[in-house]
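This report looks at how some helices pack against each other and at one of the pockets. Please keep the sequence and the model in view while reading.

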Amino acid sequence: MRVLLIGANGYLGRFVADRLLADPAVQLTALGRGDDADVRFDLATGSPGALTRFLDAVHPGVVINCAGATRGGARDLTRHNTVAVATVCEALRRSGCGARLVQIGCGAEYGPSQPGSSTAEDAVPRPGGPYGVSKLAATELVLGSGLDAVVLRVFSPAGPGTPAGSPLGRLAEAMRRAMQSGDGELKLGGLGAQRDFIDVRDVARAVHAASLSAAQGVINIGSGRAVRLRDAASVLARVAGFGGALHELDSPGGPVRSVLGHPRSDPDHAAPAAYPYPDGCGSWQQADVRTARDRLGWRPRINLEESLADIWMEAACRI
């Protein structure tokens, strides 16, 4: 099976590439903007015609699109997440390769959910920010393209390679700095959000399964369990061996609640650090993952503690 992977050097794309390369039946070609891609091509600025010519030359059986942007203004997000996908869809329609498209979507397309609920694929998407809007628009382009296509809505990826700017990445970095400086107390803010964390290696397994399946439409990829960020912080402290006190600030400069250990008397001992979720999903997200089980034969295998241990391992290497 010849597979064209777009965005192989991104956070998710690297693990998808590793998974595909481990399959002896896969012939992988990587397309991207970096010098280490097999083929250099910028989806946001390249023409569908140029991509069509490449597709006709390579003739892949599957195209996997892991490219996109998670940060930036509405214009940049639209260009990298929506216009880029329009280019892929148009090129595939023009091409004679007949390739199947696996598009990586995100849980932010749904927007805020009712606390305690699990979001299924038939939920009406109401994205709460420009990132979710740009990804939802891409999903609609794929679903309306007439192609053999599936969109995997990935919830909150975690594990090795987690970006330092993400909530879990910033949490690990704050803990690393506290331990490096011998600080016995860490005050953090914004730990009330609950998210469905899924390890990137499980995501890669799902992408691999989707590329081999005949499933179409939207399929959620998550753990099926919402975890409060303060609970993730407690687990991270345990795997890191952080023996100090971890306290949550209700708001910057506001009262402190103890998460681990006991508060000190010095209110200025540590500066508050906020870890907001900029995804526009409010306080709660939890995926209903039954469709992935039924149509892809996929279940998550890696628990959050293992994901956090890998995040911490990378952060600790910077000490």
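Which handedness does the crossing of α2 and α3 have? In this predicted model, the crossing of α2 and α3 is right-handed.

## The pair α2 and α3

Helix α2, which covers residues 48-58, packs against helix α3, residues 74-94, at an angle of about 50°, and the two axes lie 8 Å apart. The two helices are therefore oblique to each other, α2 to α3.

On the side of α2 the contact is made by Pro-48, Gly-49, Leu-51, Thr-52 and Leu-55, while α3 brings Thr-87, Val-88, Glu-90, Ala-91, Leu-92 and Arg-94 to it. Sorted by class, the contact of α2 with α3 holds 6 nonpolar, 3 polar and 2 charged residues.

## Helix α9 and its partners

Helix α7, made of residues 229-240, packs with α9 at an angle of about 60°, their axes being 9 Å apart, and this angle makes α7 oblique to α9. The crossing in which α7 passes α9 is right-handed. From α7, the residues Ala-232, Val-235, Leu-236, Arg-238, Val-239 and Ala-240 meet Leu-304, Glu-305, Leu-308, Ala-309 and Trp-312 of α9, and by class this contact of α7 with α9 has 9 nonpolar and 2 charged residues but no polar ones.

Helix α5, residues 167-180, also packs with α9: the axes come within 9 Å and cross at roughly 50°, which makes α5 oblique to α9. The crossing of α5 and α9 is right-handed, and the contact joins Leu-168, Ala-172, Met-175, Arg-176 and Met-179 of α5 with Leu-308, Ile-311, Trp-312 and Ala-315 of α9. By class, the contact of α5 with α9 has 8 nonpolar residues, 1 charged residue and no polar ones. Leu-308 and Trp-312 of α9 thus appear in the contact with α7 and also in the contact with α5.

## The second largest pocket

The second largest pocket holds about 170 Å³ of space. Its lining is formed by 13 residues, of which Phe-197, Ser-223, Ile-302, Asn-303 and Leu-304 are the closest to the centre of the pocket.

Two elements, β9 (194-199) and α9 (304-316), each supply at least two residues of this lining, and the largest share, 3 residues, comes from β9. The lining residues of the second largest pocket divide into 7 nonpolar, 3 polar and 3 charged. Leu-304 links two parts of this account, since Leu-304 is among the residues closest to the centre of the pocket and is also one of the α9 residues that meet α7.

Key
Residues are numbered from 1 along each chain as its sequence is written. This is a predicted model: local features need pLDDT of at least 70, side-chain atom pairs count only at pLDDT 80 or more; totals for chains, interfaces and linings use all residues. Side-chain values use heavy atoms; hydrogens and water are left out. On a 1 Å grid over the protein atoms alone, a cavity is a set of points where a 1.4 Å probe fits but cannot get out, and a pocket is an open set with protein on both sides within 12 Å along at least five of seven lines; lining residues have an atom within 4 Å of a point. Grid points are joined across faces, edges and corners, and a volume is the space filled by probe spheres set on the points. Helices (H or I, at least four residues) and strands (E, at least two) are DSSP runs, numbered from the N terminus. Ala, Val, Leu, Ile, Met, Phe, Trp, Tyr, Cys and Pro count as nonpolar, Asp, Glu, Lys and Arg as charged, and the others, Gly among them, as polar. Axes are lines fitted to C-alpha atoms, for helices over the stretch in contact, and angles run from 0 to 180 degrees between N-to-C directions. Angles under 35 degrees count as roughly parallel, over 145 as roughly antiparallel, 65 to 115 as roughly perpendicular and the rest as oblique. A crossing is left-handed if the near helix is turned anticlockwise from the far one by less than a right angle, and right-handed if clockwise. Contact means heavy atoms within 4.5 Å.
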